[in-house]
Amino acid sequence: MSFFASMNVNASGLTAQRLRMDVISQNIANATTTRTAEGGPYRRKSVVLQSVPDSQNFGNFLDNALEINRLTQGTNGSDRIPSHVTRNNEVINSHENTGGVRVAQIREDETPGPLVYDPSHPHANEEGYVEMPNVNIVYEMVNMMSASRSYEANMTALSTTRAMISRTLEIGQSL
């Protein structure tokens with residue numbers, strides 16, 4: 001995996017965790033919303049993440065590198081092939097399908113909310129009960145901390161990759 005592929009993986013994680021935090025914030029903001037435009041109380045939403053498969057996993061990368069090394073060991077420069085092409089003339093080190101994560105969907109939780117007895121509430125039913133949103137503030141705060149830590153971890157990995165690229169360029173300049 002190249003440095004840039006690593007940065008793409010971290011960027012996809014940052015984007016996904018940011019969206020996750022936005023949805024959690026929306027849940028917290030609507031924790032007391034008893035009527036929405038669709039009717040009924042607000043329903044908790046959750047983000048479903050899906051991994052993006054890495055077409056260039058380490059085993060494939062190593063096999064390609066060994067094959068390229070074998071093919072590029074010609075006797076003169078004319079029979080050497082470019083180092084980014086495999087024996088099937090497939091380009092490697094492509095930045096497509098470099099792994100990461102994507103948002104598969106934002107799912108609405110269909111579990112019923114708690115019924116609270118409040119006959120004076122404008123959305124109370126005939127028995128005086130109001131269906132509240134199915135949002136648990138404590139659960140949402142735990143999810144927010146998890147998303148925040150995941151975001152921080154992706155930022156740290158991105159910063160580390162950037163530092164490695166910078167150090168590699170410094171080494172290259174000194175040669």
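How many salt bridges does a search of the whole structure find? The count is 5, and I'll walk you through some of them today. One thing up front: what you see is a predicted model.

Let's start with the overall layout. The chain has 175 residues, and its secondary structure comes to 3 helices and 4 strands. If you follow the chain from the N terminus, the elements run α-β-α-β-β-β-α. Buried residues account for 27% of the chain. The accessible surface is about 11600 Å², and carbon and sulfur atoms hold 54% of that. Now, take the contacts between residues at least 6 apart in sequence: 70% of them join residues at least 24 apart. Keep that in mind as we look at the salt bridges.

Okay, first pair: Glu131 and Arg43. Their side chains meet in a salt bridge, at 3.2 Å from N to O. Glu131 sits in strand E4, while Arg43 is in the loop between helix H1 (3-29) and strand E1 (45-51), so this salt bridge ties together parts that are 88 residues apart in sequence. As for cover, Glu131 is partly exposed, with a relative accessible area of 25%, whereas Arg43 comes in at 16% and is buried.

Move one residue along to Arg44. Arg44 has a salt bridge with Glu140, and here the N to O distance is 2.5 Å. Again this links distant parts of the chain: Arg44 is in the loop between H1 and E1, and Glu140 is in helix H3, 96 residues apart. Buried or exposed, then, for Arg44 and Glu140? Both are buried.

Stay in helix H3 for a moment, since there's another residue to point out. The helix covers residues 137-174, and Asn143 lies in it. Asn143 counts as buried because its relative accessibility is 16%, and the cut-off for buried is under 20%. What does Asn143 touch, leaving aside its neighbours within four places in sequence? The contacts are Arg20, Ile24 and Arg44. So Arg44 turns up again: it touches Asn143, and it has that salt bridge with Glu140.

One more salt bridge, this time between two strands. Glu108 pairs with Lys45, with the closest N and O atoms 3.7 Å apart. Glu108 belongs to strand E2 (residues 101-108) and Lys45 to strand E1, and the two are 63 residues apart. Both ends are partly exposed: Glu108 at 37% relative accessibility, and Lys45 at 21%.

Now for the aromatics. There's 1 aromatic pair by the rule used here. The rings of Tyr117 and Tyr129 have centres 5.3 Å apart and planes at 65°, so we call the pair edge-to-face; the cut-off for that is over 60 degrees. Tyr117 is in strand E3 (residues 115-117) and Tyr129 is in strand E4, so the pair ties together parts 12 residues apart in sequence. If you're looking for E4 in the structure, that strand is residues 129-131.

How covered are these two tyrosines? Tyr117 is exposed, with a relative accessible area of 53%. Tyr129 is partly exposed, at 35%.

And that brings us to the surface. Tyr117 and Tyr129 join Leu115 in a nonpolar patch, and together the three have about 340 Å² of accessible area. So strand E4 gives us two things to look at: Tyr129, in that patch, and Glu131, in the salt bridge with Arg43. That's my tour, thanks!

Definitions and conventions:
Residues are numbered from 1 along each chain as its sequence is written. This is a predicted model: local features need pLDDT of at least 70, side-chain atom pairs count only at pLDDT 80 or more; totals for chains, interfaces and linings use all residues. Side-chain values use heavy atoms; hydrogens and water are left out. Patches are made of residues with over 30% relative accessible area and no salt bridge: like charges are joined within 9 Å, nonpolar side chains (Val, Leu, Ile, Met, Phe, Trp, Tyr) within 5 Å. Accessible areas come from the Shrake-Rupley method with a 1.4 Å probe; for residues, only the protein chains shown count as cover. A salt bridge is a side-chain nitrogen of Lys or Arg within 4 Å of a carboxyl oxygen of Asp or Glu. Buried means under 20% relative accessible area, exposed over 50%, partly exposed in between (1.4 Å probe, protein chains only). Contact means heavy atoms within 4.5 Å. Rings of Phe, Tyr and Trp (its six-membered ring) pair if their centres lie within 6.5 Å; planes under 30 degrees apart count as stacked, over 60 as edge-to-face and the rest as tilted.
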